[in-house]
Amino acid sequence: MSNTKQFDALVVGAGVGGLYALFRLREKLGLNVQVLEAGDGVGGTWYWNRYPGCRCDVESLEYSFSFDPELEQEWSWPERYGNQPEILQYVNHVADRFDLRRNIQFETRVNNATFDRKTNLWTLKTEAGETFQAPVCIMATGNLSIPRVPDFPGLDDFQGDTYHTGLWPHEGVDFTGKRVAVIGTGSSGVQSIPIIAEQGETLTVFQRTANYILPAANGPMNREIEAKHKAEYRERRAAAYDTPFGIAGFPPPTQSALDVTPEERTAKYEQKWAEGGSISFLYSYTDLLLSDEANATAREFVHNKIRSIVKDQNVAETLCPNDHPMGTKRLVLDTGYYETYNKQHVHLVNARKNPIAGLTQKGIRLEDGTEYEFDAIVFATGFDAMTGALKEIDVRTTDGRSLTKDWEAGPYTMLGLMSAGFPNMFMITGPGSPGVKSQMILSCEQHVDWIVDCLDYMRREGQAAIEPTDESQHDWTMHVKDVADATLYPKAASWYMGANIPGKPRVFMPYVGGVQRYKAKCEEIAANGYEGFTFTAAKKPELALAGDD
């Protein structure tokens, strides 16, 4: 093991969660930290996703770090919703401002992670054959990190160009004069389609599932709003933790959608539609995600909006979602998406009625034998969400536990922070946490703060390792399920349930009880001496969190 590099803590991933973990471990605990990042730059999802139109669906002033008041004040966003280049520039600024790059090794993909029960050390091995060791391993691998390329027959036969929105060429793609296909109408498809349509000679969209798409109402940053927001930043950040989605500034609803007149409902929905944004719309009434009858009023409103925008009513009806309640799949924010289908060179194929049978040398063949010829195909087919990146790493322990095996029937975690049987391995926004159903940077910060406080406690108490009990993990996972089952979320075959990945267990993974309830539970557990977790004492007090080798 002479070539093994030793550290106090290892962090896998240099996205927003990994960067904040590095900052806090280094600055508060004084640990020698090494971050291992597969890409050649920081940013995580904002490093990999460079497809045209890529943009955050949380407003810029909210989607930002809160840990440094000076950073909040000095950074100025050009638009209401930040696009990928702007957000990546911001994350790079954070990495430079806090001198984080010196603790990051880029172009380093971790293949194996093993915990030794005798030494209380994690050993990580990389694709290039390097070995790293530390008592603490933090998985900041992200929720949308493993692109899913569908296994269509003939995938390798197509002689044109293929792209995946999650693995977009850094130099960009010019579709001018080309016949282009886009497969998929989730977030990346919806955001890229209007821009690809501006370039391509023709654009054909293959839609299997219509999604609910709301206007972003994006535009240049209103500097008066920005100044007011910055003046109230501290209060707004604190208030965000007392909301379901971790986003402040939206008064909580007080009425059921069924307790007002149809005219009042329509006026409210019109106001929200013009205002733009998904959280605002979901905040129209108290029961849009609880009552199918209430949800139906919002569905009808959006369907009528689609019919009023799209001129060809057959196309409009195909674009109207009819297989899931509104909001149970991630709501997509658009700029000109529905209007794109009014262009003569843009075509929509209903791939649910007539599924894709496979690819040919020249294009795409449908089940009824119809063939289309293309110069380029874009796969906007999503990710193996929430568990994919972790299961890409062979995580195990010397006493025979395997994370892949333990998660065969779906992920079991305690708070989405740890998994029983894997001491000192922490997850940032793992399954079982609000993560993807919240403002992600806020959730990353909340998780990292909890982890750092836990490690600080362990060091003071002379503890070498921590892990949740199987019982507490089971109880939390069942609680996550029970909370979801009380809503409309499980009615949708969404990536929240792994439904986009063939063979993946159908388990609702995020915690939808709200950021405020989740944070209170995390704080309660810590205040009770990390109730539901067990510790392994260090052989000597000075070896707390140092490994016993």
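1. Let's start with a pair of strands. β5 (residues 110-116) and β6 (residues 121-126) pair up in the antiparallel sense, with six bridges between them. Keep in mind as you look that this is a predicted model.

2. What do β5 and β6 form together? They make a hairpin, with four residues between the two strands. Have a look at Asn-120 in the turn: its phi is positive, about 60°. Asp-116, for its part, sits opposite Leu-121 of β6.

3. β5 has another partner too. It is joined by four bridges to β19 (residues 394-397), and these two strands run parallel. To find the pairing on screen, pick Ala-113, whose bridge partner in β19 is Val-395.

4. Now for the helices. Two packed helices are described by the angle between their axes and the distance between the axes. For α1 (residues 16-27) and α15 (residues 440-461), the angle is about 35° and the axes are 9 Å apart. The crossing of α1 past α15 is right-handed.

5. Which residues of α1 touch α15? Among them are Val-16, Tyr-20 and Leu-25, and on the α15 side the contact includes Ile-441, Val-448 and Asp-449. The residues of this contact split into nine nonpolar, one polar and four charged.

6. Last, try α6 (residues 223-231) and α7 (residues 233-240), which pack at about 75° with axes 5 Å apart. Because angles of 65 to 115 degrees count that way, α6 is roughly perpendicular to α7. Here His-229, Lys-230 and Ala-231 of α6 meet Tyr-233, Glu-235 and Arg-236 of α7. That contact breaks down into two nonpolar, one polar and three charged residues.

How values were computed: Residues numbered from 1 in each chain as written. Predicted model: local features only at pLDDT ≥ 70, side-chain atom pairs only at ≥ 80, totals over all residues. Heavy atoms only, no water. Axes fitted to C-alpha atoms, helices over the stretch in contact; angles between N-to-C directions. Left-handed = near helix turned anticlockwise from the far one by under 90°. Contact = heavy atoms within 4.5 Å. Nonpolar A, V, L, I, M, F, W, Y, C, P; charged D, E, K, R; others polar. Parallel < 35°, antiparallel > 145°, perpendicular 65-115°, else oblique. Pairing = 2+ DSSP bridges.
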